[in-house]
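Colleague: I have a new model open on my screen, and I would like to go through the labels on it one by one. Could you tell me what lies behind each of them?

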Amino acid sequence: MTKRVAILLSGGGSNMVALAKSMTGDHPARPVLVISNDPQAGGLGKAQAMGIATQAVDHKAFGKDRARFEAALQEALLEAKPDIICLAGFMRILSPAFMGQWEGRMLNIHPSLLPKYKGLHTHKRALEAGDQTHGCTVHEVTAMLDDGPILGQATIDVKPDDTPDSLAARVLPFEHQLYPAVLQRYAKGDRTPVFLPTTS
């Protein structure tokens, strides 16, 4: 049975595009909805161009009332009936109560080698720490920020002249490889982690 996937984003949607492009042929899943908390997010237009239904749930319309925002988000998701939710650059912290409703069905990609550097500014923090390697992680979402079982990692060597921007740019293509590989396995019910070879 084909799994239904909803993708949440806040920006340009490059990981969403990678995921959506992968869900063809004999892939066990298909994208059914892309949601953004920002009506101007570039990823919405990209999803529409790919024929995927979209919806904006503007967090600003709810002020500081996170519960109302999450209720609207939940309503949109329930209408789409996803089996799996992929967070792909979704820049809102969701409450444990919200995430509990989708426990075991939500994935996230994070630009660090978790458990290192949870939260923001991961590339800068890796450079400041003098790390020799860096990368990205796909994990199952739990109530704790950037926590949960690791389902895949891609690792690159840090170069002596790397900056936070250059490091981010070099990690991104590996995000686009890793996330689809993990999703394909996850949609089959296989939670065996995917580890891409270290790349310079």
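Modeller: Happily; we will take the sheet, then the helices, a few residues of one strand, the cores and some backbone oddities, keeping in mind that this is a predicted model.

Colleague: Let us begin with the sheet. What makes β3 and β8 edge strands?

Modeller: The 8 strands form an open sheet in the order β3-β2-β1-β4-β5-β6-β7-β8, with mixed pairing. β3 (54–56) and β8 (194–199) each pair on one side only, and that is what gives them the name. On average, neighbouring strands are turned by 15° against each other, direction ignored.

Colleague: How do you know that β2 and β3 pair, and in which sense?

Modeller: Pairing requires at least two bridges between two strands. β2 (residues 29–36) and β3 have 3 bridges, in the parallel sense, so the requirement is met. Within this part of the sheet, Ser36 stands opposite Ala56 in β3.

Colleague: Which strands does helix α1 touch?

Modeller: Helix α1 (residues 14–22) packs on the sheet through contacts with β1 (3–9), β2, β4 (84–87) and β5 (106–110), and its direction makes about 165° with that of β1. Helix α3 (residues 66–80) lies across β1, β2, β3 and β4, and runs at about 155° to β2.

Colleague: Why do you say that the buried residues of α2 line one face?

Modeller: The residues in question are Gly43, Leu44 and Ala47, in a helix that spans residues 42–49. Seen down the axis of α2, they fall within an arc of 105°, so they line one face of the helix. They pack against β1, α1, β2 and β3. On the other side of α2, Gln48 and Ala49 are exposed. After the helix comes Gly51, whose phi is positive, near 80°.

Colleague: Now to strand β7 (residues 150–157), where I see Gln153. Why is Gln153 called buried?

Modeller: Its relative accessible area is 13%, and buried means under 20%, so Gln153 belongs in that class.

Colleague: And what does the side chain of Gln153 reach at 2.9 Å?

Modeller: The backbone oxygen of Leu114 is reached at 2.9 Å. There is also a polar contact, at 2.9 Å, with the side chain of Thr137. The cut-off for such a contact is 3.5 Å between N or O atoms, so the pair with Thr137 qualifies. Leaving out residues up to four places away in sequence, Gln153 touches several others, including Cys136, Leu178 and Phe195.

Colleague: Thr155 and Asp157 are in β7 too. Why is Asp157 called partly exposed?

Modeller: Asp157 has a relative accessible area of 30%. Partly exposed covers values between the 20% limit for buried and the 50% limit for exposed, so that is where Asp157 falls. Thr155, at 16%, counts as buried. Asp157 and Thr198 are 41 residues apart in sequence, with 7.1 Å from C-alpha to C-alpha. Thr198 is also among the residues that Asp157 touches, and Thr155 is in contact with Thr198 as well.

Colleague: Which residues have the most contacts inside the largest nonpolar core?

Modeller: Those are Ile7 and Cys86, in a core of 36 residues. Helix α6 (residues 164–187) gives the most to this core, with 9 residues. Apart from it lies another core, of 20 residues, among them Ile35, Phe62, Leu77 and Ile85. Returning to Cys86, its contacts beyond four places in sequence include Ile7, Leu19, Tyr179 and Leu183.

Colleague: Last topic, the backbone. Which peptide bond is cis?

Modeller: The bond from Leu114 to Pro115 is, with omega near 15°. Pro115 sits in the loop between β5 and α5 (122–128), and Tyr117 is found in that loop too.

Colleague: What makes the phi of Tyr117 worth a remark?

Modeller: Its phi is positive, about 60°, although Tyr117 is not a glycine. Asp146, in the loop between β6 (133–140) and β7, also has a positive phi, near 50°.

Colleague: And are Tyr117 and Asp146 buried or exposed?

Modeller: Tyr117 has 16% relative accessibility and Asp146 has 11%. Buried means under 20%, so both Tyr117 and Asp146 count as buried.

Terms used. Residues numbered from 1 in each chain as written. Predicted model: local features only at pLDDT ≥ 70, side-chain atom pairs only at ≥ 80, totals over all residues. Heavy atoms only, no water. Helix = DSSP H or I, 4+ residues; strand = E, 2+ residues; numbered from the N terminus. Axes fitted to C-alpha atoms, helices over the stretch in contact; angles between N-to-C directions. Contact = heavy atoms within 4.5 Å. Buried < 20%, exposed > 50% of the residue type's maximum accessible area, 1.4 Å probe, protein only. Arc of directions from axis to C-beta. Polar contact = N/O pair within 3.5 Å; in protein donor to acceptor, adjacent residues only side chain to side chain. Core = buried A, V, L, I, M, F, W, Y, C linked by side-chain atoms within 4.5 Å.
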